[in-house]
Amino acid sequence: MNIIFLGPPGAGKGTQSVFLEKKYGMIQISTGDMLRAEVARGSDVGKQAKALMDSGKLVPDDLIIAMLKDRIAQPDCQNGFILDGFPRTEAQAEALERMLEADGKSIDAVLFLNVDEDILADRIAGRFTCANCGKTYNEVSNPPKAAGVCDACGSHEFKRRADDNRDTVVERLKEYRRLTAPILPFYEKSGRLHAINGMLPTSDVTAEIEAALGETK
Ligand code: AP5
Ligand code: ZN
């Protein structure tokens, strides 16, 4: 099964992808994580992307489409993948349809995590991740069980994303409204869109997703 997670910044796409990976054995492909890895490596792609990401703007379509195309061709993606953060523009959605069709593949379900904008800024401001294993936490809704210790790996080191500040979030939301929200009708028309209430507690969101995917099979 191949799935897309759509939703504004902070909607819970990454959080829910972890559950889907475990339950269904699909591979999470986060274009944001891939770009952050390029920035950390100091590659040409990372150099092009850094200033745009730090200001909350999307990176150019051609760059991200080429990166995604290489990634889904990898052997670990052949039994199903979760696209987290892609597509984000009409051009990306069209390119994705074309590249999958050429491979005899398709998207089975598009999960739209619906969260009111006034909740998103607080969620993002409270987000931090384990510097060792990458597990995502939230100061308010999802702190580690023991303060300062990662539940998953026991590390004491945590980090925050450079673009997780309130000014940048305003820009990220503008980009979402201008470029990403307009692709929802395309998936709705094809009958693949499932609207999920992303404002529920995390485990209830997961239950809604499971129900939606149950209908898909
Ligand atoms: P990207 O990394 O994709 O960021 P994003 O879309 O802004 O999404 P986030 O990672 O912020 O949020 P999420 O929905 O995964 O939420 P999470 O689960 O962490 O993109 C970053 C940048 O890269 C872009 O701005 C752009 O520049 C570039 N980029 C990436 N892809 C691109 C593309 N395709 N085209 C062009 N540019 C691209 O949850 C958030 C917080 O809330 C966490 O603390 C979590 O613990 C908490 N939480 C989660 N669920 C719940 C819940 N149900 N209740 C309470 N708290 C919750
Ligand atoms: Zn950890």
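Select Leu113 and Ile196 to begin: Ile196, in strand 8, is the bridge partner of Leu113. Strands here are DSSP runs of E with at least two residues, helices are runs of H or I with at least four, and both are numbered from the N terminus. The model is a predicted one, in which local features need pLDDT of at least 70, side-chain atom pairs count only at pLDDT 80 or more, and totals for chains, interfaces and linings use all residues. Residues are numbered from 1 along each chain as its sequence is written, chains are lettered from A and ligands numbered from 1 in the order in which they are written, and side-chain values use heavy atoms, with hydrogens and water left out.

**First stop: the parallel strands**

Extend the selection to the whole of strand 4 (residues 109-114) and strand 8 (residues 193-197). These two strands run parallel and are joined over 5 bridges; two strands count as paired if DSSP finds at least two bridges between them. Of the 6 residues of strand 4, 5 are buried, where buried means under 20% relative accessible area, exposed over 50% and partly exposed in between, with a 1.4 Å probe and protein chains only.

Next, add strand 1 (residues 3-6). Strand 1 and strand 4 run parallel, with 4 bridges between them. Two places to inspect are Ile3, whose bridge partner in strand 4 is Ala109, and Leu6, whose partner in strand 4 is Phe112.

Strand 1 also pairs in the parallel sense with strand 3 (residues 81-84), over 3 bridges. There, Ile4 has Leu83 of strand 3 as its bridge partner.

Now display the side chains of strand 1. In a regular strand, side chains alternate between the two faces of the sheet. Ile3 and Phe5 lie on one side of strand 1, Ile4 and Leu6 on the other, and all four are buried.

**Second stop: the open sheet**

Move to the open sheet of 3 strands, which has the order 6-5-7 and antiparallel pairing. Strand 6 and strand 7 are at its edges with a single partner strand each, so each has one side without a neighbour in the sheet. Strand 5 is joined to strand 6 in the antiparallel sense over 3 bridges. Select Arg127 to find one of the partnerships: its bridge partner in strand 6 is Asn138.

**Third stop: the aromatic cluster**

Select Phe128, Tyr137 and Phe158, which form one aromatic cluster. The structure holds 5 aromatic pairs; rings of Phe, Tyr and Trp (its six-membered ring) pair if their centres lie within 6.5 Å, and planes under 30 degrees apart count as stacked, over 60 as edge-to-face and the rest as tilted. Phe128 and Phe158 are an edge-to-face pair, because their ring centres are 5.4 Å apart and their planes stand at 85°. Phe128 belongs to strand 5 (residues 127-130) and Phe158 to strand 7 (residues 158-159), so this pair ties together parts that are 30 residues apart in sequence.

Phe128 is buried, at 13% relative accessible area, whereas Phe158 is partly exposed, at 25% relative accessibility. The rings of Tyr137 and Phe158 are also edge-to-face, with centres 5.8 Å apart and planes at 80°. Tyr137 lies in strand 6 (residues 136-138) and Phe158 in strand 7, so the pair ties together parts that are 21 residues apart in sequence. Tyr137 is buried, at 1% relative accessibility.

**Final stop: ligand 1**

Centre the view on ligand 1 and show the 36 residues that surround it, each with a heavy atom within 4 Å. The closest are Thr15, Lys57, Arg88, Arg127 and Arg172. By class, the shell has 13 nonpolar, 14 polar and 9 charged residues.

Inspect the polar contacts next, which are pairs of N or O atoms within 3.5 Å. The side chain of Asn138 places an N or O atom 2.9 Å from an oxygen atom of ligand 1. A polar side-chain atom of Arg123 is 3.3 Å from a nitrogen atom of the ligand, and a polar backbone atom of Leu200 is 2.9 Å from a nitrogen atom of ligand 1. Of the 1100 Å² of accessible area that ligand 1 has on its own, the protein covers 95%; the areas come from the Shrake-Rupley method with a 1.4 Å probe.

Finally, colour the elements that give two or more residues to the shell: helix 1 (13-24), helix 2 (31-41), strand 6 and helix 9 (202-216). Helix 2 gives the most, with 4 residues.

Key: Polar contact = N/O pair within 3.5 Å; in protein donor to acceptor, adjacent residues only side chain to side chain. Nonpolar A, V, L, I, M, F, W, Y, C, P; charged D, E, K, R; others polar.
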